[in-house]
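Here is a friendly walk through a protein model, meant for someone meeting it for the first time. Please keep the sequence and the 3D view open as you read.

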Protein chains: 2
Amino acid sequence: MHLVVRPLSTVKSSLFYSTSSHVPARAMVYAQYGKPSEVLSRMPLYRIHKHTLPDVKPQDVHIRFLAAPINPADCNQVEGVYPIKPPFNTSLGSDEPVAVGGNEGVAEVIALGDQVKGFSVGDKVVMAQAGRGTWRSHAALPASEVQLLPGFNSQVSLVHAATLTAHPHINVDNVEHHIGDYVIQNGANSAVGQFVIQIAHAWGLKTINVVRDRPNLDELKEYLTSLGATHILTEEELSKRETRSKLKGWLDGRKLRLALNCVGGKNATELGRYLDHEGKHVTYGAMSKQPMAVPAAPLIFKDVSYHGFWVSRWTDTHSRQEREAMFGDLINLIKEGKLREPVWEKVSWKLNASEQENETAFKEAVNKGITGFGKGKQIVFFED
Amino acid sequence: MHLVVRPLSTVKSSLFYSTSSHVPARAMVYAQYGKPSEVLSRMPLYRIHKHTLPDVKPQDVHIRFLAAPINPADCNQVEGVYPIKPPFNTSLGSDEPVAVGGNEGVAEVIALGDQVKGFSVGDKVVMAQAGRGTWRSHAALPASEVQLLPGFNSQVSLVHAATLTAHPHINVDNVEHHIGDYVIQNGANSAVGQFVIQIAHAWGLKTINVVRDRPNLDELKEYLTSLGATHILTEEELSKRETRSKLKGWLDGRKLRLALNCVGGKNATELGRYLDHEGKHVTYGAMSKQPMAVPAAPLIFKDVSYHGFWVSRWTDTHSRQEREAMFGDLINLIKEGKLREPVWEKVSWKLNASEQENETAFKEAVNKGITGFGKGKQIVFFED
């Protein structure tokens, strides 16, 4: 209904072009950095901004968001402690300079400038880079800032599509694997962790998965096993002496050359202990906020190395084609049923509801995202 | 005098071949691992073994050692805590299985088997790999186990030649440098540290050198500056807040993408703090015996990575040609006067003196090497 599509006389690489001017749009914006809890309690800092889309510029696309998650990194960004700091500006017509929250999400192309190639109206797209703002009903932006999801169809849910960008092939880029090789990871029950289990399983790799002890441990183990996890250990078990020989038995001569760490501290150090020669230890998060201790001997004598993985750098250092190929691979896995949706909880953003109502729902969702009391990843659905 | 050289009728790739059978030889051997202090006090564990060289086998060379250093790693090897553990055997004709001490040293070819190519009698060689034993007057071994020093002549001292193998191009293999770029290192006054200063200086790189505070600091600074050090800081200065802005001023926009660490602990962590995007932190020693704390943010957001450097691995992963090219480069720098000898102290191993006398001299030298009370690297000269 916000969509004006018309056939074009001079068809270029896209089938249609269209204009979608003056579409009413809403965005969740903030005008200052601050702790989300504070920002949220002081509503002027974090509020819904109403505006209308401008005329379509020749190289722009207009998109309509369908679903966008609330990730911890999004909240860090609002805090101002994330390295990507979207500039505050008045491009959406606000009185004071603002930025739009959110980094991930799936949208549909609703209009194209007449110089845009490679996209059609109706295409499902994600943001090509982080920091562009996804907590909004619509966006008008250069076509270079969005990325096609190749092969997207009804077999691919909006939740899948909305959460794909945070998970490039974290293990492909780092180590050459052979079928039967092992990967070890902590925070194995996180969204990325679950993703790693499934990708590894689909590729014939085995996984050793470390999780925090918890009351419903058996339930969690059962769930992770159903995703394809080979072995599951608690953090406490990992640091025990007898684990060393247990692990040797599991490995049975196969290589363990990738450790994925999103926890930090002692647990990250323990992961490194089990790496084979030339193994890589890759940090992509630091939930414990503790630095890890790295002993010298494995660095020197086993050629073990420590790296970081940041999806935004992955995006920046890979071409549009490489990124499309990666999304294509993931979408194929989804279609083959090898990649489940993360556990998620729906947040409705009813665009026609009152601002008060929307803000309350959003505030609650962000809070759940931060405190971890939600039943999974909070995913905002944009609804009329 | 131990040398029998005669012209050969069928000349192959080498000008001469020769036999040097039954040359009297001595080796400093040990029959058990143990703390050097204990091993040294229990002389049967660490003693001079007399033997004679066998007939020259077709693929063997016989070499006469000229000079060999006593390195900390050699002592760790005797302790049994070094990853390269020479096998104990009776190949030298000892009653019990023994290993020969030492890993580095320069020797002269005195005889060649008739299938050996690429060497001539009189060539100066080093051991192609660690763990083969260099604390000995002579050795008979496959030609594949020695490595030519290309371009060696009288401009190159025996001390230089005897200490080259420990110092491959530590900084070449790790980071692409541009003239004016910076390297930061701790333990800058170590033999490797001094070497790095000079190589960097010869290549147009600048160095920030961290040393421990000491009474004669000004003297040390003067000496390191004379080698080509750009800046010198104490460990204490490095960890001060104001150093950050000082360093920024020094760098003045130039890249700092290599940190070399042989200390570990807090100081190693501090080095990492100053690395630019994509910087590499390379550990080649752990004098403090403390692991270093690695924070997650630079790994994730700056693509900083942590590696180890081990000269034995460098040797194993580079071809004979690559190694020769590297030694050739270093020998050229020596001839150009750009690479000084390390500070060293002579240990005479008079082959014709009494065993008692030799063992006492050796024991003293090893002790100096371990405690650091010597006036520099202990270098054994093999004399008649």
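In this predicted model, a polar atom of the side chain of A:Asn261 lies 2.8 Å from the backbone nitrogen of A:Gly264. A:Asn261 itself belongs to strand E14 of chain A, which covers residues 256-261. Is A:Asn261 buried or exposed? With a relative accessibility of 1%, A:Asn261 counts as buried, because the cut-off for buried is under 20% relative accessible area.

Which residues does A:Asn261 touch, once its neighbours within four places in sequence are left aside? The list holds A:Asn186, A:Ala268, A:Leu271, A:His281, A:Val282, A:Thr283, A:Tyr284, A:Gly285 and A:Met292. A:Met287 can be located from here as well: it is 26 residues from A:Asn261 along the chain, and the C-alpha atoms of the two are separated by 9.5 Å.

Two of the names just given, A:Ala268 and A:Leu271, lead us to helix H8 of chain A, where both are among the buried residues. Helix H8 spans residues 265-273, and seven of its nine residues are buried, so the helix is largely enclosed by the rest of the structure. Besides A:Ala268 and A:Leu271, the buried residues of H8(A) are A:Gly265, A:Asn267, A:Thr269, A:Glu270 and A:Gly272.

**Chain A as a whole**

Let us step back for a moment. Chain A contains 12 helices and 19 strands. Of its 384 residues, 54% are buried. Among the contacts in chain A with a separation of 6 or more, 73% are between residues 24 or more positions apart.

**Two helices that pack together**

Now find helix H4 (residues 191-202) and helix H5 (residues 217-227) in chain A. Their axes are 8 Å apart, and the helices pack at an angle of about 40°. On the H4(A) side, the contact is made by A:Gln194, A:Ile197, A:Gln198 and A:His201, while H5(A) supplies A:Tyr223, A:Leu224 and A:Leu227. Sorted by kind, the residues of this contact are four nonpolar, three polar and no charged.

What do helix H4 and helix H5 of chain B do? Their axes come within 8 Å and cross at roughly 40°, which makes H4(B) oblique to H5(B). Here the contact is formed by B:Gln194, B:Ile197, B:Gln198 and B:His201 of H4(B), together with B:Tyr223, B:Leu224 and B:Leu227 of H5(B). The residues of this contact divide into four nonpolar, three polar and no charged.

**How the chains relate**

How can chain B be laid on chain A? A turn of 180° and a shift of 0.1 Å along the axis do it, with an RMSD of 0.1 Å. The two copies are therefore related as by a two-fold rotation axis. As for where they touch, 100% of the interface residues of chain B are also interface residues in chain A, so the copies meet through the same surface.

**A backbone detail in each chain**

Residue Asp303 is worth a look in both chains. A:Asp303 has a positive phi of about 60° although it is not a glycine, and phi of B:Asp303 is near 60°, also a positive value in a residue other than glycine. The table gives the place and accessibility of each.

| Residue | Where it lies | Relative accessible area |
|---|---|---|
| A:Asp303 | loop between helix H9 (296-302) and strand E17 (305-308) of chain A | 27%, partly exposed |
| B:Asp303 | loop between helix H9 (296-302) and strand E17 (305-308) of chain B | 24%, partly exposed |

**Two buried residues of chain B**

We finish with two residues of chain B. B:His138 is part of strand E9, residues 138-142, and at 1% relative accessibility it counts as buried. The side chains of B:His138 and B:Ser137 are joined by a polar contact of 2.8 Å.

B:Ser312 is found in helix H10, residues 311-316 of chain B. B:Ser312 is buried too, with a relative accessible area of 7%. What does B:Ser312 touch, not counting residues up to four places away in sequence? The residues in question are B:Tyr82, B:Ile84 and B:Ala130.

Notes:
Residues numbered from 1 in each chain as written. Chains lettered and ligands numbered in written order. Predicted model: local features only at pLDDT ≥ 70, side-chain atom pairs only at ≥ 80, totals over all residues. Heavy atoms only, no water. Helix = DSSP H or I, 4+ residues; strand = E, 2+ residues; numbered from the N terminus. Buried < 20%, exposed > 50% of the residue type's maximum accessible area, 1.4 Å probe, protein only. Polar contact = N/O pair within 3.5 Å; in protein donor to acceptor, adjacent residues only side chain to side chain. Least-squares fit on C-alpha atoms with pLDDT ≥ 70 in both. Contact = heavy atoms within 4.5 Å. Axes fitted to C-alpha atoms, helices over the stretch in contact; angles between N-to-C directions. Parallel < 35°, antiparallel > 145°, perpendicular 65-115°, else oblique. Nonpolar A, V, L, I, M, F, W, Y, C, P; charged D, E, K, R; others polar.
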